[in-house]
Amino acid sequence: IIGIFPEKAQFASKLNYLDISINKFWGSIPESFCEIHRKGTIRLSGNEFCPPYPECFNDSPIIKMDLTDMESVARCK
């Protein structure tokens, strides 16, 4: 999937697991992803989300590695 992550997908905060890895989403990471991260698992690698990233991801070494990789290909507009 290629494009900006849909704003209407804020319902995603009710999920316990979300894997959107290996797509080409860009823009900002929705703050609602923090709820998924707190409740369960979220996978973000292989996208082009822009920094700054939500601070809630700082406690996960795997997500931090994914975000570092994304920073080099981030598509902010």
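Me: Which residues touch the most other members of the largest nonpolar core?
Reply: This is a predicted model. Its largest nonpolar core has 19 residues. Helix H1 (33–39) and helix H2 (61–71) are the elements that give two or more residues to this core. The members that touch the most others are Phe33, Leu44, Phe49 and Phe57.

Me: Which residues does Leu44 touch, not counting those up to four places away in sequence?
Reply: Leu44 belongs to the core members that touch the most others. Residues up to four places away in sequence are left out of its list. What remains is Ile20, Ser21, Ile29, Phe33, Phe49, Phe57, Ile63, Asp66, Leu67 and Met70.

Me: How many disulfides does the structure hold, and what pattern do they follow?
Reply: One disulfide is formed by Cys34 and Cys56, and another joins Cys50 to Cys76. The structure holds two disulfides. With bonded cysteines counted along the chain, the pattern is 1-3, 2-4.

Me: Which parts of the chain does the disulfide of Cys34 and Cys56 tie together?
Reply: The sulfur atoms of Cys34 and Cys56 are 2.0 Å apart. Cys34 lies in helix H1, while Cys56 is in the loop between strand S5 (48–49) and H2. The pair therefore ties together parts that are 22 residues apart in sequence, namely H1 and the loop between S5 and H2.

Me: Are Cys34 and Cys56 buried or exposed, and what is the handedness of their disulfide?
Reply: Both Cys34 and Cys56 are buried. The torsion about their S-S bond is about -80°. With that torsion, the disulfide of Cys34 and Cys56 is left-handed.

Me: How many residues apart are Cys50 and Cys76?
Reply: A disulfide with an S to S distance of 2.0 Å joins Cys50 to Cys76. This pair links distant parts of the chain: Cys50 sits in the loop between S5 and H2, and Cys76 in the segment after H2. Cys50 and Cys76 are 26 residues apart.

Me: Is Cys50 buried or exposed, and what is the handedness of its disulfide with Cys76?
Reply: The relative accessible area of Cys50 is 5%. Buried means under 20%, so Cys50 is buried. The S-S torsion of Cys50 and Cys76 is about -130°, so their disulfide is left-handed.

Me: How many salt bridges does the structure hold?
Reply: Side chains of opposite charge can pair when their charged atoms come close. Here Glu48 meets Lys24, Arg38 meets Glu35, and Asp66 meets Arg43. The number of salt bridges is three.

Me: Which strands does the salt bridge of Glu48 and Lys24 tie together?
Reply: The side chains of Glu48 and Lys24 meet at 3.9 Å, N to O. Glu48 counts as buried at 14% relative accessibility, whereas Lys24 counts as partly exposed at 41%. The two residues are 24 residues apart in sequence, and the strands they tie together are S5 and S3 (residues 24–27).

Me: By how much of a helix are Arg38 and Glu35 separated?
Reply: Arg38 and Glu35 meet in a salt bridge at 3.0 Å, N to O. Arg38 is exposed, with a relative accessible area of 56%, and Glu35 is partly exposed, at 34%. Being three residues apart in helix H1, they are separated by about one helical turn.

Me: Which elements does the salt bridge of Asp66 and Arg43 link?
Reply: The side chains of Asp66 and Arg43 meet at 3.3 Å, N to O. Asp66 is buried, with a relative accessible area of 7%, while Arg43 counts as partly exposed at 24%. The pair is 23 residues apart and links helix H2 and strand S4 (residues 41–43).

Me: Which are the edge strands of the open sheet?
Reply: Strand S1 (residues 2–4) pairs with S3 in the parallel sense over three bridges, and two bridges join S3 to S5, also parallel. The order in the open sheet is S1-S3-S5. An edge strand here pairs on one side only, and the edge strands are S1 and S5.

Me: Which residue in S5 is the bridge partner of Gly27?
Reply: S3 and S5 run parallel. In S5, Glu48 is the bridge partner of Trp26. For Gly27, the bridge partner in S5 is Phe49.

Note on methods. Residues are numbered from 1 along each chain as its sequence is written. This is a predicted model: local features need pLDDT of at least 70, side-chain atom pairs count only at pLDDT 80 or more; totals for chains, interfaces and linings use all residues. Side-chain values use heavy atoms; hydrogens and water are left out. A nonpolar core is a set of buried Ala, Val, Leu, Ile, Met, Phe, Trp, Tyr and Cys residues joined through side-chain atoms within 4.5 Å. Buried means under 20% relative accessible area, exposed over 50%, partly exposed in between (1.4 Å probe, protein chains only). Helices (H or I, at least four residues) and strands (E, at least two) are DSSP runs, numbered from the N terminus. Contact means heavy atoms within 4.5 Å. A disulfide is a pair of cysteine sulfur atoms within 2.5 Å. A salt bridge is a side-chain nitrogen of Lys or Arg within 4 Å of a carboxyl oxygen of Asp or Glu. Two strands pair if DSSP finds at least two bridges between them.
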